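Could you walk me through this structure with a few questions and answers? I am new to this, so please explain the terms as we go.

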Amino acid sequence: MPRMRAVDAAVAILRREGVTDVFGLPGAAINPFYSALRDDGTITHTLARHVEGAAHMARAYTRAKAGNIGVCIGTSARRVPT
């Protein structure tokens with residue numbers, strides 16, 4: 001039986017659900033997902049400056065036209081001690 005990475009399966013599910021655009025901010029914890037997204041090549045990514053902005057973009061995209069599915073991609077925040 002062929003094996004598939006979890007990130008590849010997640011991208012395949014997004015594609016099957018009709019997602020064409022995602023909004024987000026890359027980070028260390030989510031980079032494997034971004035790699036799978038790039039390898040798939042069917043979903044467009046829009047870079048945001050912060051996760052809150054990506055959430056607003058995804059919401060507006062969903063509301064702009066019937067059938068649009070807005071997806072926000074976030075990562076864990078790691079605070080550096082000061």
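Here are some questions about one helix, one residue and the core.

Me: What should I know about the model before we start?
Reply: This is a predicted model, where local features need pLDDT of at least 70, side-chain atom pairs count only at pLDDT 80 or more, and totals for chains, interfaces and linings use all residues. Side-chain values use heavy atoms, leaving out hydrogens and water, and residues are numbered from 1 along each chain as its sequence is written.

Me: Which residues of α3 are buried?
Reply: Helices are DSSP runs of H or I with at least four residues, and strands are E runs of at least two, numbered from the N terminus. Buried means under 20% relative accessible area, exposed over 50%, and partly exposed in between (1.4 Å probe, protein chains only). Helix α3 spans residues 51-64, and the face turned away from its buried side carries the exposed residues E52, H56, R59 and R63. The buried residues are G53, A54 and A58.

Me: Is D8 buried, partly exposed or exposed?
Reply: D8 sits in helix α1, residues 6-16. Its relative accessibility is 25%, so D8 counts as partly exposed.

Me: Which element gives the largest share of the largest nonpolar core?
Reply: A nonpolar core is a set of buried Ala, Val, Leu, Ile, Met, Phe, Trp, Tyr and Cys residues joined through side-chain atoms within 4.5 Å. The largest one here has twelve residues, including V11, F33 and I73. Two or more residues each come from α1, α2 (31-40) and β3. The largest share, four residues, comes from α2.

Conventions:
The expected span of a helix is 1.5 Å times one less than its number of residues.
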